[in-house]
Amino acid sequence: MGCTPNASHSPVFLLLGFSRARISPNLLFLLFLAIYLATIMGNVTLVLLISRDSRLHSPMYYLLRGLSVTDMGLSTVTLPQLLAHLVSNYPAIPAARCLAQFFFFYAFGVTDTLVISVMALDRYVAICDPLHYHSVMNRRLCARLLALSWMVSIVHTMLHVGLLLPLYWAGDAKGSVNLPHFFCDHRPLLRASCSDIHSNELAIFLEGGFLMLGPCALIVLSYVRIGATILRLPSAAGRHRAVSTCGSHLTMVGFLYGTIIWVYFQPSSQNSQEQDMVASVMYTAITPLANPFVYSLRNKDVKSALHRLLGWGKVISLPKSHFG
């Protein structure tokens, strides 16, 4: 597709993802407001519990706290703007702010996937080598793995932002470009561009694919070893306890990676814009909402910590932290 003379590097984008929704904007506003508030409340509560209660000062909860922070960032990058646009007759976003949203969305989103893969490594050490768990997965290593996740995510994001900067978008008479999405995501921006986007798509499949394949391989290999270890446990109670510690993590792995692969790693002709947007809602709104509840509701340690924080449980002395 060629560019017209009025094509620009910096148009105004109109985010029209929910403009044709059958549900009224007011109802959508209330729905996404409830999702956003519940997401922030759930993740803030989890962060406070892990920070305040020394019984939760173990590597697994340290990583879970990092995941909660990235989940709050991921939701905050997209949902407040969506709420503002649902009550606006002109859901516009300038190009500079659009690229800024793209940068932070990608940075938080990629970090989220990397932290989840690090959590798989944590479960592998905990189940397959429990005697050395606290010496291997110590606080210093966890901090380094979280920092590495952020560094890889930022470099990855800067690459894709750099590939977007040379592109042109052909707008209407007012210079506006319609995006059938609710935030500045990769696929809608590329579809709307009139420039050659082959290098962008190649980067998504090669560099982005490698970035997805590495964590996926780590998760798969970790759980293959975990499964083999669980099958060798002598007691049914031990096997059930080991499976229960991994069930929540596996649920969110399938949910998050499944939707990301659906949106970004299918050929454009294979999935519609509506399907992309539904999948995007799942990993930008539902996954950050579900994470604190999925990881907490079946976790006795977290529920006990919440009871102590609210004063429902008997006050007893706290043991020394597991972190060295």
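Q: How many salt bridges does the chain have by the rule of a Lys or Arg side-chain nitrogen within 4 Å of an Asp or Glu carboxyl oxygen?
A: This is a predicted model. One pair joins D122 and R123. Another joins R187 and E201. The count comes to two salt bridges.

Q: How far apart are the closest N and O atoms of D122 and R123?
A: D122 and R123 form a salt bridge. Both D122 and R123 are buried. Their closest N and O atoms are separated by 2.9 Å.

Q: Which helices does the salt bridge between R187 and E201 link?
A: The closest N and O atoms of R187 and E201 are 3.9 Å apart. The pair links distant parts of the chain, with the two positions 14 residues apart. R187 sits in residues 186-192. The helices are helix 6 for R187 and helix 7 for E201.

Q: Is E201 buried, partly exposed or exposed?
A: Its partner R187 has 3% relative accessibility and counts as buried. E201 has a value of 24%. Buried means under 20% and exposed means over 50%, so a value in between has its own class. E201 is therefore partly exposed.

Q: Which residues form a nonpolar patch on the surface with about 290 Å² of accessible area together?
A: One member is L206, placed in helix 7, residues 198-231. L206 has a relative accessible area of 54%. Exposed means over 50%, so L206 is exposed. The patch is formed by L202, F205 and L206.

Q: Is I204 buried or exposed?
A: I204 lies in helix 7. Its C-alpha atom is 8.3 Å from that of H160, although 44 residues separate the two in sequence. I204 has 3% relative accessibility, and the limit for this class is under 20%, so I204 counts as buried.

Q: Which residues is H156 in contact with, leaving aside its neighbours within four places in sequence?
A: H156 lies in helix 5, residues 139-164. H156 has a relative accessible area of 6%, so under the 20% limit H156 is buried. Its contacts are Y106, V110, E207, G208 and L211.

Q: What does N43 touch, not counting residues up to four places away in sequence?
A: N43 is found in helix 1, residues 25-52. N43 is buried because its relative accessible area is 0%. N43 and M72 are 29 residues apart in sequence, yet their C-alpha atoms are 6.8 Å apart. N43 touches S68, D71, M72, P288 and P292.

Q: What distance separates the C-alpha atoms of F105 and V77?
A: F105 is placed in helix 3. F105 is buried, with a relative accessible area of 3%. F105 and V77 are 28 residues apart along the chain. Their C-alpha atoms are separated by 6.0 Å.

Q: Which helix supplies the largest share of the largest nonpolar core?
A: The core has 80 residues. Its members F13, F18, F32, L64 and L189 touch the most other members. The largest share is 16 residues, from helix 3, residues 95-128.

Q: Which residues does L189 touch, not counting those up to four places away in sequence?
A: L189 is one of the core members that touch the most others. Contact means heavy atoms within 4.5 Å. L189 touches F13, C98, F102, L164, W169, L179 and C184.

Q: How many helices and strands does the chain have?
A: From the N terminus on, the elements run β-α-α-β-α-α-α-β-α-α-α-α-α. The secondary structure comes to ten helices and three strands.

Q: How far apart are the end C-alpha atoms of residues 62-83?
A: The unreviewed UniProt entry annotates residues 62-83 as "transmembrane region", along with other spans including 27-50. Residues 27-50 are 100% helix, and their end C-alpha atoms lie 35 Å apart. Residues 62-83 are also 100% helix and 0% strand. Their end C-alpha atoms lie 32 Å apart.

Q: What share of the area that the chain exposes do carbon and sulfur atoms supply?
A: Buried residues make up 48% of the 324 residues. The chain exposes about 16,100 Å². Carbon and sulfur atoms supply 68% of that area.

Conventions. Residues numbered from 1 in each chain as written. Predicted model: local features only at pLDDT ≥ 70, side-chain atom pairs only at ≥ 80, totals over all residues. Heavy atoms only, no water. Patch = residues over 30% accessible without salt bridge, like charges linked within 9 Å, V, L, I, M, F, W, Y side chains within 5 Å. Areas by Shrake-Rupley, 256 points an atom, 1.4 Å probe, with all protein chains shown as cover. Helix = DSSP H or I, 4+ residues; strand = E, 2+ residues; numbered from the N terminus. Buried < 20%, exposed > 50% of the residue type's maximum accessible area, 1.4 Å probe, protein only. UniProt positions renumbered as here; feature names shortened; annotations may be inferred. Core = buried A, V, L, I, M, F, W, Y, C linked by side-chain atoms within 4.5 Å.
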